[in-house]
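Subject: Structure for you to look at

Hello,

Here is the structure I promised to pass on. Please open it alongside this email; my notes follow below.

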Amino acid sequence: MLRELQVTMNKPANSMYKSGEEKIVTGMAVIKDESNKTFKFASVETGADLFFVDKERIPTGTNAARTYMSDYDEDFTTLKENEFGKLVAYYVGERFATDQYVEADLEADVRVTANTEGKLIKATGTNTSKYVFKGFYDDNGHKLAVIEVSDTPVKNS
């Protein structure tokens, strides 16, 4: 899940790339593969050139007959291979929340990077990142990590 907490209104999101992984969940961090116009998980831990995946909330199959659906329904959160998705790049000062993180070692004001599974983790070694973990957010029973975008990529001390 990806929740935008404090973002620029009407910011364009790239929706011309397809999923290059078997399964990607909204809120995951990915990189673009320009050669075949797909997005995928990084091959190594990184805090550079990250985009966060979102998806239009369009029910399919029998869900199309339902009146109300949770934002957390799999129809709204899961992209399969070769399915188009929205790639959101966040600007300096913006804040968003995601449920795609590894909680181990997360503490306020640490820099986070994306691991090879598309989840945010505490930046390790010499990895620098502009993404700062700011705590947790309770989204009606779902625990999301709040991320703020800094103007300076640095490594954790």
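A term first: a nonpolar core here means a set of buried Ala, Val, Leu, Ile, Met, Phe, Trp, Tyr and Cys residues joined through side-chain atoms within 4.5 Å. Please also keep in mind that this is a predicted model.

The cores

The largest nonpolar core has 18 residues. Phe-52, Phe-96, Tyr-131 and Ile-147 make the most contacts inside it. Three elements give two or more residues each to this core: strand 10, strand 12 and strand 13, which spans 142-154. Strand 13 supplies the largest share, with three residues. Another core lies apart from this one. That second core counts eleven residues, including Ile-24, Val-30, Phe-51 and Val-53.

Tyr-131

Which residues does Tyr-131 touch, leaving aside its neighbours within four places in sequence? The contacts include Phe-52, Phe-96 and Ile-147. Gly-47, Leu-50, Val-110 and Arg-111 are also in contact with Tyr-131. Val-112, Glu-148 and Val-149 complete the list. Val-112 has a further link, as Tyr-131 in strand 12 is its bridge partner. Strand 10 (residues 111-114) and strand 12 (residues 129-139) pair in the antiparallel sense, over two bridges.

The sheet

Six strands make up an open sheet. Their order is 1-9-13-12-10-11, and the pairing is antiparallel. Strand 1 (2-6) and strand 11 (120-122) are the edge strands, each pairing on one side only. From one strand to the next, the twist averages 45 degrees.

The whole chain

The protein chain has 13 strands and one helix. Read from the N terminus, the order of elements is β-β-β-β-β-β-α-β-β-β-β-β-β-β.

Is the overall form compact or extended? A compact globule of 157 residues would have a radius of gyration near 15 Å, and the protein chain has 15 Å, so the value agrees with a compact globule. Along the principal axes, the C-alpha atoms fill a box of roughly 50 × 40 × 30 Å.

Of the 157 residues, 44% count as buried. The accessible surface comes to about 8,600 Å². Carbon and sulfur atoms hold 47% of that surface. Among contacts with a separation of 6 or more, 61% join residues 24 or more positions apart.

If you have time for one spot, start at Tyr-131: this residue is among those with the most contacts inside the largest core, and it is the bridge partner of Val-112.

Best wishes

Terms used. Residues are numbered from 1 along each chain as its sequence is written. This is a predicted model: local features need pLDDT of at least 70, side-chain atom pairs count only at pLDDT 80 or more; totals for chains, interfaces and linings use all residues. Side-chain values use heavy atoms; hydrogens and water are left out. Two strands pair if DSSP finds at least two bridges between them. Helices (H or I, at least four residues) and strands (E, at least two) are DSSP runs, numbered from the N terminus. Axes are lines fitted to C-alpha atoms, for helices over the stretch in contact, and angles run from 0 to 180 degrees between N-to-C directions. Buried means under 20% relative accessible area, exposed over 50%, partly exposed in between (1.4 Å probe, protein chains only). Contact means heavy atoms within 4.5 Å. The radius of gyration is taken over C-alpha atoms; the globule rule is 2.2 Å times the number of residues to the power 0.38. Accessible areas come from the Shrake-Rupley method with a 1.4 Å probe; for residues, only the protein chains shown count as cover.
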